[in-house]
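Grab a coffee and work through these short exercises on disulfides and empty space. Try each one on the structure before you read its solution.

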Amino acid sequence: ALKVILETTIHSFINGFLPTVERTRRSAPDEDKSYLDGAVYLMGALLGKQKCSQMIACRTGKFVQNKMPGAQLAVMMAESMIPSSMLDWFGVVKQSVIERVDNCEADYFCTLSEEDQIEQNKKNL
């Protein structure tokens, strides 16, 4: 009985709540969109979606680049202190700090909707 309840809860969360959040994010005014984007990226990363985690890393890199003078040098020096388990994530941060162009949305497509993910995969083929 507990298994059925758990499966039903997970199914309704993934097929009901997440697509609703995605639709709300797409239709939100620009001033609210950045907050909703951040929430979607965080939820996606917590659900194990690699592109969402990479989007957070990319956005983190752009934030550091804009707020910290000499960010490129600091990131290069910090790389030797990063644990090996985080090197992939930090590599995205480093690349984002070093690049001048803000292309996070173009490089990393993060969505909570499976339909959007399938459509994006078709575009990439």
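**Exercise 1.** Which cysteine forms a disulfide with cysteine 58, and how far apart are their sulfur atoms?

*Solution.* Keep in mind that you're looking at a predicted model.
- Step 1: start at the sulfur of cysteine 58 and look for its partner, which turns out to be cysteine 104, with 1.9 Å between the sulfur atoms.
- Step 2: check that against the cut-off, which asks for sulfur atoms within 2.5 Å. The pair of cysteine 58 and cysteine 104 counts as a disulfide.
- Step 3: place the two ends. Cysteine 58 sits in helix α3 and cysteine 104 in helix α6, so this link ties together parts that are 46 residues apart in sequence.
- Step 4: look along the S-S bond. The angle is -85°, and the link of cysteine 58 and cysteine 104 is left-handed.

**Exercise 2.** Is cysteine 58 buried or exposed? Work out cysteine 104 too.

*Solution.*
- Step 1: the cut-off you need is that buried means under 20% relative accessible area.
- Step 2: cysteine 58 comes in at 3%, so put it down as buried.
- Step 3: cysteine 104 has a relative accessible area of 0%, so it's buried as well.

**Exercise 3.** How many disulfides are there in the count, and what pattern do they follow?

*Solution.*
- Step 1: the count gives two disulfides.
- Step 2: besides the link you've just seen, cysteine 52 pairs with cysteine 110, their sulfur atoms 2.0 Å apart.
- Step 3: find the ends of that link. Cysteine 52 is in helix α3 (residues 50–67), while cysteine 110 is in the loop between α6 (104–107) and α7 (114–124), so the bond joins parts 58 residues apart in sequence.
- Step 4: the link of cysteine 52 and cysteine 110 is right-handed, with 90° about the S-S bond, and both of its cysteines are buried.
- Step 5: number the bonded cysteines along the chain and you get the pattern 1-4, 2-3.

**Exercise 4.** Which residues line the largest cavity, and which helix gives the most to the lining?

*Solution.*
- Step 1: a hunt for cavities of 30 Å³ or more turns up one. The largest cavity has a volume of about 40 Å³.
- Step 2: list its walls: Cys58, Val92, Gln95, Ser96, Glu99, Asn103, Asp107 and Tyr108. Cys58 should ring a bell: that's the residue bonded to cysteine 104.
- Step 3: assign the lining to helices. Helix α5 (residues 87–98) gives the most, with three residues.
- Step 4: sort the lining by class, and you get three nonpolar, three polar and two charged residues.

Conventions: Residues numbered from 1 in each chain as written. Predicted model: local features only at pLDDT ≥ 70, side-chain atom pairs only at ≥ 80, totals over all residues. Heavy atoms only, no water. 1 Å grid on protein atoms, 1.4 Å probe; cavity = no way out; pocket = protein on both sides within 12 Å on 5 of 7 lines; lining within 4 Å. Points joined across faces, edges and corners; volume = space filled by probe spheres on them. Helix = DSSP H or I, 4+ residues; strand = E, 2+ residues; numbered from the N terminus. Nonpolar A, V, L, I, M, F, W, Y, C, P; charged D, E, K, R; others polar. Buried < 20%, exposed > 50% of the residue type's maximum accessible area, 1.4 Å probe, protein only.
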